[in-house]
Amino acid sequence: MSVPDWMSQGYPHIWLPYTQMQTAAPPLAVVRSEGSRLTLADGRSLIDGVASWWTACHGYNHPHIAQAVAAQLQAMPHVMFGGMVHEPALRLAQRLADCLGPGLDRVFYTDSGSVAVEVAMKMALQFWMNQGRAERRRFLSFRGGYHGDTFGTMAVCDPEEGMHSAFRGMLIEHVQADLPRDEASLKALRACLEREAAGLAGIVLEPLVQGAGGMLMHEPQVLRDLRALADEFDLLLIFDEIFTGFGRTGTMFAFEQAGVRPDIITLSKALTGGTLPLAATVASERIFEGFLSEQAGHALMHGPTFMGNALACAAANASLDLFEREPRLAQVQAIEAGLRQGLAPCATLPWVTDVRVMGAIGAVELPAIVDLVALKRRLVEAGVWVRPFGRIVYLTPAFTITPDELAQLTAAICQVLAQGAP
């Protein structure tokens, strides 16, 4: 098939993420998006099963978001957030605080999820430093967790299962533990905290689903246990909802299912409906007040150049409009039912070890994927864009996907996996 000039001329100069470019197949050239479909330069149309790394919750090209961004572009695309503010950012901050509920009141904007987690960690560390507790300089995180690709966030990812083991000797050593899923692991975690709490600033967790670690799911009771332990040992509890936030697990935010609240929460990915980069670190008033002082050095010393970008904030406000006006959580419930039904045949395959579903997340786990390139190619040939990783073939579709499109996605996965162990 013919390759467009921009592909043949530009590809030799690009560096792709998570890709060994010496051996990888060339990426797909995409020219249009609409709803849950991606149109390729060669004319093929694929159903997107992962919503562009979990971001396009309303589907692609939603007219309400597009109109909001176009209007903001005409008025003011960006202005520095140092010494200036603007309506889209302040209105969004108010709305996020309202959505999150009492106790999460102060919004700090960044450009990506990794940096939002970095800021959360920095807030926690400096909170204790401002109180003369500089010895509290490490974090407790969990095996199977993933929190980003920057050096600070790599240090709280799973050191074995994650993608950052090569950097281990260069990273700060934090405390890793198993999630407290039962009495034995809860007892082990308590013993760990009894040894380590004096030097810890906080606990970092992806609530309900550890996403890039393998779509690993846990019960709301885990969050309740961690909240109780954080209170007992006077630690800050940080929920990383970059993946789980904005409806993905069936509630607007995953922590709602446990009836507990973190001290700091991080948000990104679906925040703008998959249109523009934006992230937020939202802290309690207690954390914010820990930075108020006559000493200039007690201020949070962080400020991305494009912090509070007006275009991105306009997109995020429009995305929140859609959550208010359209039945997104009901759509997630329908997707959950469709995923359970559609992926169920995979559980009968001898080379499948688990099939799990929560909200608009479906995962099929295998002992291993031997030829990931071939598996991806077979899925594309089946008319779907699905990006397996590790041992997982997963779906995280747009909430607006049609029942027929969802059925085609699950059928493609079942058919491809039924052809043999990948």
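Helices and strands are here DSSP runs, of at least four and at least two residues respectively, numbered from the N terminus. The structure described is a predicted model. In these terms, Thr305 lies in the loop between α9 and α10. With a relative accessibility of 64%, Thr305 is classed as exposed.

Pro304 is placed in this loop as well, between α9 (285-289) and α10 (310-325). Pro304 has a relative accessible area of 18% and is buried. Apart from neighbours within four places in sequence, the contacts of Pro304 are Phe108, Tyr109, Thr110 and Asp111. Both Pro304 and Thr305 are covered by the UniProt annotation "binding site", from an unreviewed entry, together with Gly113, Ser114 and Asp240. These positions span 193 residues in sequence, and their farthest two C-alpha atoms are 22.9 Å apart, so the annotated residues do not all gather at one spot.

A further UniProt annotation, also from an unreviewed entry, reads "modified residue: N6-(pyridoxal phosphate)lysine" and covers Lys269. Lys269 is located in the loop between β11 (264-267) and β12 (279-283). Its relative accessibility of 26% makes Lys269 partly exposed. When neighbours within four places in sequence are set aside, Lys269 contacts Trp53, Trp54, Thr55, Ile242, Gly274 and Leu278.

Helix α8 comprises 13 residues, 220-232, and extends 19 Å from its first C-alpha to its last, close to the 18 Å expected at 1.5 Å a residue. The buried residues of α8 are Pro220, Val222, Leu223, Asp225, Leu226, Arg227, Leu229 and Ala230. In an α-helix, residues three or four places apart point the same way, because there are 3.6 residues a turn. The cover over the buried residues of α8 includes strands β5 (138-142), β7 (200-205) and β10 (236-240), along with helix α7 (183-196). After α8 comes Asp234, which has a positive phi near 55 degrees.

Two open sheets are described next. One has 4 strands in the order β1-β2-β3-β15, with mixed pairing. Its edge strands are β1 (30-34) and β15 (384-385), each of which pairs on one side only. Within this sheet, β2 (residues 37-40) and β3 (residues 45-48) are joined in the antiparallel sense by 3 bridges. Thr39 has Ser45 of β3 as its bridge partner. Helix α13 (residues 403-418) packs on the sheet, where α13 touches β2, β3 and β15, and its direction makes about 90 degrees with that of β3.

The other open sheet has 3 strands, ordered β13-β14-β16, and its pairing is antiparallel. Here β13 (354-358) and β16 (392-395) are the edge strands, each pairing on one side only. From one strand to the next, the twist averages 15 degrees. Strands β13 and β14 (residues 361-365) run antiparallel and are joined by 5 bridges. Arg356 is positioned opposite Ala363 of β14.

The count of disulfides is 0, where a disulfide requires two cysteine sulfur atoms within 2.5 Å. Cys346 takes part in no disulfide, and the nearest cysteine sulfur, that of Cys414, is 3.3 Å away. Cys346 is buried, at a relative accessible area of 1%. For Cys192, the closest cysteine sulfur belongs to Cys157 and is 18 Å away, so the two are too far apart for a bond. Cys192 is likewise counted as buried, at 8% relative accessibility.

Notes: Residues numbered from 1 in each chain as written. Predicted model: local features only at pLDDT ≥ 70, side-chain atom pairs only at ≥ 80, totals over all residues. Heavy atoms only, no water. Expected span 1.5 Å × (residues − 1). Buried < 20%, exposed > 50% of the residue type's maximum accessible area, 1.4 Å probe, protein only. Contact = heavy atoms within 4.5 Å. Pairing = 2+ DSSP bridges. Axes fitted to C-alpha atoms, helices over the stretch in contact; angles between N-to-C directions. UniProt positions renumbered as here; feature names shortened; annotations may be inferred.
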